[in-house]
Amino acid sequence: MQETVEYSDLDDTLRRCGASWNAAKAHGLLCGHLCLPGGNTVRDTVRQWLATVLDGGDVGSACRAECAELLERASTTTLRQLAERQSQFAPLLPDDASSVALRTDALSHWCEGFLHGLVSGTRAPPVRARLAEQPLSDIIRDMLEITRAAVDEQADDETNEEAYVELVEYIRVAAQLAYEELAEFRPARSEFAADVLHSRQH
């Protein structure tokens with residue numbers, strides 16, 4: 001099965017399904033949850049993510065089934081990228097053919113989803129303490145700022161493009177760093193690897 005999912009395909013399918021989550025925000029949520037799955041296995045975390053993103057749609061519809069398949073493929077790719085730690089991780093965002101304004105808006109939604117996945121729910125005191133320490137506290141603060149990002153109407157296209165590229169690179173590295181910083185709060189690598197293999201097979 002081809003694992004790669006295009007932003008436009010997933011975003012369009014989510015919209016047709018009536019989901020309240022766009023592709024960028026949904027992917028950010030997944031990444032935040034994968035950093036801190038709590039007491040769940042990774043498979044359970046992905047299942048809960050799917051249920052959250054697809055909440056409200058027609059359970060038996062073909063559109064929902066298509067959307068679930070795309071989301072599962074996206075989760076498998078993301079699991080592998082984060083686990084292998086070889087700088088291959090990338091946030092799911094519109095391609096370069098889209099306007100910088102649309103891409104910047106999607107970037108802000110990605111950060112919103114990531115923060116929601118990272119800090120929502122009940123967290124044990126050691127986890128809360130780690131989130132309040134550097135570098136995670138800086139990452140949370142910076143991503144909160146990026147949720148308010150918008151193109152500078154007074155700047156030229158090249159300047160806005162450069163600013164966007166810098167922000168994308170920042171969140172790409174920051175998300176990978178957050179994942180690594182929180183490794184002790186996740187299942188052992190052997191269990192995690194088994195979850196990745198299971199996801200690939202299903």
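The accessible surface of the chain in this predicted model comes to about 10,200 Å². Carbon and sulfur atoms contribute 49% of that area. Of the 202 residues of the chain, 46% count as buried.

The secondary structure consists of nine helices and zero strands. Read along the sequence, the elements accordingly follow the pattern α-α-α-α-α-α-α-α-α. With respect to sequence separation, contacts between residues at least 6 apart were considered, and 77% of these join residues at least 24 apart.

Two sites were examined individually. The first site is Arg 103, which lies in helix H5, a segment spanning residues 100-119. The relative accessible area of Arg 103 is 2%; because buried residues are those under 20%, Arg 103 is classed as buried. When residues up to four places away in sequence are not counted, Arg 103 touches Pro 94, Asp 95, Asp 96, Ser 98, Glu 161 and Tyr 164. Among these contacts of Arg 103 are Asp 95, Asp 96 and Glu 161, as well as Tyr 164.

The second site is the peptide bond from Gln 134 to Pro 135, which is modelled as cis. The omega angle of this bond is near 5 degrees. Pro 135 is found in a loop. This loop connects helix H6, comprising residues 125-131, with helix H7, comprising residues 136-146. The cis peptide bond that ends at Pro 135 thus involves a residue of the loop between helices H6 and H7.

Terms used: Residues numbered from 1 in each chain as written. Predicted model: local features only at pLDDT ≥ 70, side-chain atom pairs only at ≥ 80, totals over all residues. Heavy atoms only, no water. Helix = DSSP H or I, 4+ residues; strand = E, 2+ residues; numbered from the N terminus. Buried < 20%, exposed > 50% of the residue type's maximum accessible area, 1.4 Å probe, protein only. Contact = heavy atoms within 4.5 Å. Areas by Shrake-Rupley, 256 points an atom, 1.4 Å probe, with all protein chains shown as cover.
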